Amino acid sequence: MTIETPRPRILSGMQPSNDSLTLGNYIGALTQWVALQDSYDTLYMMADLHALTVNPEPESLRARTRRTLAQYLAGGVDPKRSTLFVQSHVPQHAELAWILSCQTGFGEAGRMTQFKDKSAKQGTEGTTVGLFTYPVLMAADILLYNAALVPVGEDQRQHLELTRNLAERMNTRFGQDTFTVPEGHIVKSIAKVYDLQEPTQKMSKSTTGKGTLWLLDEPKAAAKKIKSAVTDAGTEIRYDPAEKPGVSNLLTIYSVFSGKSVAELETEYAGKQYGHLKVDLAEVVAEFLTEFQSKVNVYLDDPAQLDAILAEGAAKAQVIAQETVERVYDRVGLLAPRHGA
């Protein structure tokens, strides 16, 4: 007789802070999420509470939340194999965040690199308490679902470390089974995509220039950005991130969409000019975007289906989340409510 063991749980999500995800989001996150569905109990959210830190227009946030879900689905995330939900549809995220904030030191939160960078740019008056406590809400997101693994990039390592510290702190004081202490899940084979104009900087949703490729860009506009991408000194097409970051970035993107290894591409383009690489890559990416956007539009044309997926996902997520919150409330000494006479 074979006894089935529960699959390790993974939680991840992206903010609906723009009308479109980037090509970097697709390569660095979505493709990874799709692969993880086969081996893990996967929960993927639209982190709309986190998106409030950039003060979006209400109608834009609502529309972007559905658009983000449509892109998840078009990218291959399957609601039959993954739990898809909106963060704000599970109120336990905010509830647990308050408990954790009461266990987080002021200096500890203030040392978060992303907060220091953003607050330095925005100034005291432009920096909200929400931005300061953002990592605590992120910790609540993870700990709420007893996630054993969390897909993280380099820029999120510090936030994950805070999450682990809080879990261990709570376990020491309130019982070792209060929280699962999560590990970072970093797939080394996942390609990193950089800005086309600043190839030493990660392609980011926070930029709006010509260096970012958006999944919902007009394919022709995306092709134009690739053709005008910054390259490097010399003419040799080879992968060398230190000496040739621009060309290396283009080779990385081309490898993902062509299915060819970087070494194969280096051989194929030996003796050719940068322009040849750009033109061919632009065609490949434009073809991908055309197909991807066609799938996205099918989902956006049926908002009722999107809402049904989110309602089902929230219901599943709430079952797990409520169990965690009730356990934590009991451990920290909050009086349980009595229902009925």
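A residue counts as buried when its relative accessible area is under 20%. By that cut-off, 47% of the 341 residues of this chain are buried. The model is predicted.

## The chain as a whole

The chain has 13 helices and 5 strands. Its radius of gyration is 22 Å, close to the 20 Å that the globule rule gives for 341 residues, so the chain is as compact as a globular protein of that length. Along the principal axes, the C-alpha atoms fill a box of roughly 80 × 50 × 45 Å.

Contacts often span the sequence. Take the contacts in the chain with a separation of 6 or more: 75% of them come from residues 24 or more positions apart.

The accessible surface comes to about 17300 Å². Carbon and sulfur atoms hold 52% of that surface. Charge is spread over 35 positive and 41 negative side chains. The centres of these two sets lie 2 Å apart.

## Salt bridges

Side chains of opposite charge can pair when their charged atoms come close. How many salt bridges does a search of the whole structure find? The search finds 16. Three of them are set out here.

| Salt bridge | N to O distance |
|---|---|
| R81 and D78 | 3.6 Å |
| R169 and E108 | 2.7 Å |
| R331 and D177 | 3.0 Å |

Start with R169 and E108, whose closest N and O atoms are 2.7 Å apart. This pair links distant parts of the chain. R169 sits in helix α8 (residues 157-174), E108 in helix α5 (residues 106-110), and 61 residues separate them. Is each partner buried or partly exposed? R169 is partly exposed, because its relative accessibility is 32% and the partly exposed class runs between 20% and 50%. E108 has a relative accessible area of 14%, so E108 is buried.

Next come R331 and D177, whose side chains meet at 3.0 Å, N to O. R331 belongs to helix α13 (residues 303-332), while D177 is in the loop between α8 and β5 (183-185), so this salt bridge ties together parts that are 154 residues apart in sequence. R331 is partly exposed, with a relative accessible area of 25%. D177 is exposed, because its relative accessible area is 52% and the exposed class begins over 50%.

Some salt bridges share partners. In this way D38, D78 and R81 are joined into one network. Within it, the side chains of R81 and D78 meet at 3.6 Å, N to O. R81 is partly exposed at 36% relative accessibility. D78 is partly exposed too, with a relative accessible area of 24%.

## A buried glycine

G246 lies in helix α10, which covers residues 245-258. Why does G246 count as buried? Its relative accessible area is 2%, and the cut-off is under 20%, so G246 falls in the buried class.

Which residues does G246 touch, not counting those up to four places away in sequence? They are P199, V230, T231 and D232. Q197 offers another view of the surroundings of G246. The two are 49 residues apart in sequence. In space, their C-alpha atoms are 8.1 Å apart.

Terms used
Residues numbered from 1 in each chain as written. Predicted model: local features only at pLDDT ≥ 70, side-chain atom pairs only at ≥ 80, totals over all residues. Heavy atoms only, no water. Helix = DSSP H or I, 4+ residues; strand = E, 2+ residues; numbered from the N terminus. Buried < 20%, exposed > 50% of the residue type's maximum accessible area, 1.4 Å probe, protein only. Contact = heavy atoms within 4.5 Å. Salt bridge = Lys/Arg side-chain N within 4 Å of Asp/Glu carboxyl O. Rg over C-alpha atoms; globule rule 2.2 N^0.38 Å. Areas by Shrake-Rupley, 256 points an atom, 1.4 Å probe, with all protein chains shown as cover. Lys, Arg positive; Asp, Glu negative; His and termini not counted. Charge placed at Lys NZ, Arg CZ, Asp CG, Glu CD.
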